[in-house]
Amino acid sequence: MQKILLTAAIAAMLATPALPETKVGMITTLSGGGAGLGIDVRDGFMLAIKQSGRDDIEVVIEDDQRKPDIAVQLADKMIQSEKVDVLTGIIWSNLAMAVVPSVTAQGKFYLSPNAGPSQLAGKGCHENYFNVAWQNDNLHEAAGAYANTAGYANSFIMAPNYPAGTDALNGYKRFFKGEVANEVYTQLGQTDYAAEISQIRASGADSVFFFLPGGMGISFLKQYADSGVDIPVVGPAFSFDQGILQAVGEAALGVVNTSQWNKDIDNPANAGFVESFQAEYGRLPSLYASQGFDTANLLISAVEAADVMNAAAFRDALRAADFDSTRGAFAFGTNHHPVQTIYVREVIREGDVFTNRIIGAALENHSDAYAVDCSM
Amino acid sequence: MIGERYVNGAVLIGLIALPLWALSADEVFTITLTTRAAILALAAVGLNIALGIGGMVSFGHAVFFGLGGYAMGILAFHAQTFSPLDFGLFALPGTKSMPVIWLVATVVSAFAAWIIGLLSLRTAGVYFIMITLAFGQMFFYFAISWGAYGGEDGLSIYVRNSFVGLDTLMPIQFFGLCFALLCLALLLQWRLRRSPFGLALNAARQSTERVQSVGLNPRQLKLLAFVISGAITGVAGALFADLNRFVSPTMFSWQLSGELIILTIIGGVGRLMGPVIGAAIFITLEHWLGGLTDFWHVWLGTILLAIVLFWRGGVIGLLTGKEGPHV
Amino acid sequence: MSEPVLSTHGLRKSFGALTATDNVSIDLRRGEIHAIIGPNGAGKTTLIAQISGSLASDAGRVELEGRDVTSLGTEARARAGLGRTFQISALAMEDTVFENVLLGAVGATSGAWALFRSVIHDRNLTDHAMQALERVGLAGAHRTRCADLSHGQRRQLEVAVALTLRPRLFVMDEPTAGLGAEGSRAMTAFLDGLRVEAPILLVEHDMDAVFALADRISVLVYGRIIATGTIDDIRASEEVREAYLGEPA
Amino acid sequence: MRASRAEPGTGKRLMPSILIIEQILNGLQFGVMLFLMAAGLTLIFGVMGLINLAHGSLYMVGAFAAAWVAGATDSFILAMAAALAAAAAAGALTEILVIRRLYSAAHLDQVLATFALILIFSEGTRFVFGSFPLFLDVPQQLSGSILLPGGIQYPLYRLTLIGIGLLVALGLWLLTARTRIGIQIRAGENDREMIAALGVDITRLYTLVFALGAGLAGLAGALVGAIQSVQVGMGEPVLILAFVVIVIGGIGSIRGAFIGSILVGLTDTLGGVFLPEFFKLFMQSDAATQTGSALASMAVYILMGIVLIRCPTGLFGARA
């Protein structure tokens with residue numbers, strides 16, 4: 001076996017042209033609902049590739065239309081036809097669950113710029129799978145921790161009725177020490193929250209935690225602000241991101257949310273990123289853009305240190321995470337998920353633009369609850 | 001104009017030649033795409049029996065596609081986790097054997113089609129379209145919130161299920177399986193159409209009174225056709241899940257029901273090879289237009305509109321110069 | 001006289017305020033042609049629908065050979081021996097003439113639950129179907145699509161499909177309509193011979209045909225039977241004259 | 001107002017009557033908004049015999065037009081007018097270019113062609129406005145909530161929505177029952193040829209009816225857009241519910257659409273709130289919430305199934 005590997009390595013060395021190419025396949029959502037997130041990840045990622053000036057990294061980008069079966073098909077295409085070495089780009093947990101296990105089983109690397117389902121962090125962890133964003137529960141756990149420090153004792157918690165929603169509520173409850181006034185699962189894609197707001201009003205809670213990504217969050221916040229209920233709200237960054245904050249408008253002003261990144265984190269990498277992103281695309285970068293940017297920089301750092309054909313060395317290079325993250329310090333835990341600080345942000349207005357500023361840290365050097373199950 | 005028989009032959013030859021060429025040219029992904037087309041074609045052959053012969057505009061065929069998918073997903077999930085499938089009174093082991101999975105998929109979707117057909121066939125016309133859509137939505141929302149099997153995340157099956165004597169992980173061998181099942185379904189449809197049952201069903205689409213006045217019950221004819229139709233689409237669902245090694249509630253979505261109708265119409269509704277041509281064109285469009293522009297749906301919509309407005313017989317109608325049955 | 005093949009007792013049907021048929025009691029005896037005539041809107045088509053089972057009656061009974069079939073649907077009445085032809089053709093228009101009669105043969109014999117047997121390779125069925133076509137003189141057109149037939153040919157085909165059923169009685173709604181003088185004469189002659197096979201309840205506008213064929217005539221006006229009898233009886237009836245010609249009695 | 005809570009752990013909870021009334025209002029408001037969609041759909045089906053899946057796209061067009069105009073002018077009234085006008089114009093244009101070729105087509109062709117229109121509208125809108133949601137807010141005068149008799153705090157804007165919806169319902173009833181156009185519409189429902197014979201320009205009448213339906217959908221999109229997210233694809237969930245409504249009510253019947261809307265609105269809202277509570281009576285709290293929510297999301301479809309099985313042409317369906 002070793003002999004064969006050796007011969008293969010020699011053959012590869014002989015055949016290799018001057019520049020070893022690293023081929024990256026990006027599968028992300030570029031059309032239909034939720035396309036904004038994929039576009040941000042892509043733009044952040046490509047910005048980093050462009051800034052590195054490297055011409056030995058080739059990126060193939062495809063649109064998964066947010067459909068799991070399309071994503072699987074594209075992954076097959078990337079591996080079978082494009083012969084990529086590394087895959088990345090998937091936004092949604094359910095798509096990641098459909099794609100990642102088979103990708104890593106085929107010996108390819110997968111770098112997640114957004115989704116972090118618990119299955120892939122615990123028992124289903126894999127040496128070729130690296131999550132550069134967060135484990136799904138992280139921001140919710142941070143919200144729970146923040147609720148404690150804010151002195152809340154009785155929370156009304158709410159999420160859509162699907163696995164990520166259940167994870168969100170569990171993540172919050174894992175850190176929140178107070179009581180839960182009521183636990184409500186809404187319909188996925190629900191647009192009207194009048195019934196839930198009435199329940200909140202009647203619940204006697206002193207705080208509301210919600211996880212409603214995308215348009216659901218916009219609808220809820222607008223309706224909540226208009227309802228006259230003044231129980232403070234806290235949630236993960238997804239509903240307060242740069243991309244959708246303008247659509248929520250004043251309704252979001254002052255709301256506290258948790259995030260591992262913000263544009264005012266003070267480090268040179270971040271400052272450079274925010275400035276160059278604005279210059280390149282003419283808009284403020286979002287959380288997702290920062291994740292795409294970090295993912296690309298992690299990749300570049302590994303390409304610099306090792307040849308992707310040498311999987312073990314390349315893996316070690318990835319694990320070292322030797323790059324300047326927009327989040328400041330960045331390290332992987334044993335399960336290849338980030339160990340990072342999660343901040344508390346507040347929505348503010350800067351001129352005409354709604355954005356966030358950091359008001360403190362919720363959890364420092366935070367890993368995740370599933371790492372102990374990962375035998376790696 | 002070309003005889004329909006020659007068109008049919010050419011389609012089948014093309015469908016088998018393309019992956020063989022791809023195999024020799026090492027274009028593995030083309031095999032995967034062709035497999036996908038064959039599976040969608042199989043699902044649409046099922047739909048075509050209800051829609052093209054029986055005239056039942058089912059906007060809920062994704063139900064059977066999804067049930068087939070989940071039959072595969074659940075059985076394989078229990079096999080891969082070595083946990084029994086608990087029915088309360090008794091428990092069964094999961095399985096990774098394709099024939100068993102296909103059997104379960106057939107039975108489950110046939111049963112569902114029987115129940116749905118029994119209730120839906122009380123209505124007709126637009127109401128039938130809408131009640132089948134409603135059943136689709138019920139299953140969709142149920143699957144999303146059914147946490148035991150992954151809910152919206154779906155279920156991943158890490159290794160493709162097995163078939164005696166074949167290595168199903170080899171794309172060409174798996175394609176062979178799917179192609180064989182497609183041919184079997186086409187044969188079934190061909191025989192059905194020529195049988196007394198097919199004759200009566202086809203007449204029931206055109207005139208309920210006529211069929212009744214010769215002493216036959218059109219509702220029962222349609223119900224049986226709906227059950228057969230659902231069963232075939234169910235098997236296709238199981239194969240589709242195996243192709244992706246993954247099932248999720250999107251298999252139940254109304255968009256999928258719509259796509260199945262669309263590809264049947266593109267090819268030629270009620271024609272033997274209509275679904276096959278439709279699936280081939282649909283996959284090509286999706287792949288090729290999707291590669292050209294992020295806004296490929298605009299073009300798909302325009303093409304679809306043109307077909308509905310100007311080429312009523314679909315592609316087969318265009319090639320053979322004969323308009324097909326009206327639904 | 002033997003028991004009638006078909007009899008109705010007090011049939012009634014109303015659509016909202018409009019009463020289409022009211023207390024209609026008629027019978028059809030073996031070997032006869034019983035014609036039902038009446039002005040437009042008299043309720044003839046409604047009556048036929050009630051007799052053949054496609055319209056449920058508000059009141060009354062229908063009996064076939066003494067058996068109460070009121071609660072049965074169209075297909076059960078067809079199986080019980082009622083052969084019907086439609087005024088507005090209810091043919092499978094996309095299918096060929098032959099396929100349409102074949103359907104009748106299927107209904108009359110094996111039923112439609114054979115899923116894999118080829119219907120055109122079943123000599124029993126095809127002979128049965130072809131015979132019916134030959135009898136109405138449509139055999140030459142057996143490959144023609146129904147949609148391409150003339151109105152008259154469609155009438156002939158309707159009758160042929162009913163023939164395949166070998167019914168105990170026929171219920172025919174205007175079988176000579178659209179046939180033209182020549183065709184009408186041929187159809188009249190054909191029906192004349194048919195009555196020995198099975199009696200015919202005939203709804204017809206063409207008075208020449210009615211007078212040539214009918215053993216008995218019933219006159220339906222505003223949903224009621226105002227007279228039943230032989231041709232001479234009807235000619236002599238003042239009520240009929242009043243209803244038809246508006247002449248005072 | 002505090003919800004009283006029974007023994008911790010049992011998860012059992014009493015529903016105060018005020019909450020129930022508030023939820024009924026919520027259901028009513030949802031239903032009334034559905035009516036604006038459903039009225040157009042049912043009118044178009046009743047008069048022209050057309051199933052229009054693209055109705056949800058017109059809803060989206062209305063919302064986008066409103067958001068764009070509100071952004072440019074800061075006027076809510078102008079935004080609503082723009083929504084009506086844009087959706088009606090888009091409707092009329094589609095009718096002239098595509099829809100009128102479909103009136104005599106089979107239902108299947110109509111479904112497909114209008115499905116194609118959804119694809120074109122959705123991606124076209126995304127091409128023009130981008131992939132991010134737009135901003136549209138409740139006007140200053142209508143924001144906040146007011147105190148209703150009985151101590152119910154209710155958002156003013158939602159009350160306004162109920163009012164507007166009821167006004168539109170009344171207007172539609174007056175239009176169809178009392179005006180010349182309404183008489184033409186009703187005649188067109190019964191007999192296309194007869195109305196043509198009466199010398200009415202049927203082509204123009206159809207365009208007018210289609211534009212009216214489209215305008216109502218656009219208005220609904222704009223009104224709802226102020227409290228929801230204005231984004232591509234927003235029309236589809238509403239579209240499906242609107243179809244459920246008109247099928248329950250009986251296709252072609254405005255009265256049926258109204259009753260159906262209210263039924264669906266109430267079932268959806270009350271089901272979502274009370275089903276989980278109901279299951280908590282005899283299940284673990286977590287499991288009850290999940291089961292109840294799952295059942296609630298299926299509730300309107302179950303309602304529709306039951307109605308259709310009992311009356312195959314809906315509650316006020318015309319043809320038996």
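Colleague: How far apart do the closest C-alpha atoms of chain A and chain C lie in this predicted model?
Modeller: Residues are numbered from 1 along each chain as its sequence is written, and chains are lettered from A and ligands numbered from 1 in the order in which they are written. In this predicted model local features need pLDDT of at least 70 and side-chain atom pairs count only at pLDDT 80 or more, while totals for chains, interfaces and linings use all residues. No contact (C-beta atoms, placed from the backbone, within 7 Å) joins chain A and chain C, and their closest C-alpha atoms lie at a distance of 35 Å.

Colleague: Which element gives the most to the side of chain B that touches chain C?
Modeller: On this side, 23 residues of chain B are in contact with 32 residues of chain C. Two or more residues come from each of α6 (171-194), α7 (196-206) and α8 (208-213) of chain B, helices being DSSP runs of H or I with at least four residues, numbered from the N terminus. With seven residues, the element that gives the most is α7(B).

Colleague: What radius of gyration does chain A have?
Modeller: The C-alpha trace of chain A spans about 75 × 45 × 35 Å along its principal axes. The radius of gyration is taken over C-alpha atoms, and the globule rule is 2.2 Å times the number of residues to the power 0.38. For 376 residues a compact globule would have a value near 21 Å, which agrees with that of chain A, 21 Å.

Notes
Contact = placed C-beta atoms within 7 Å.
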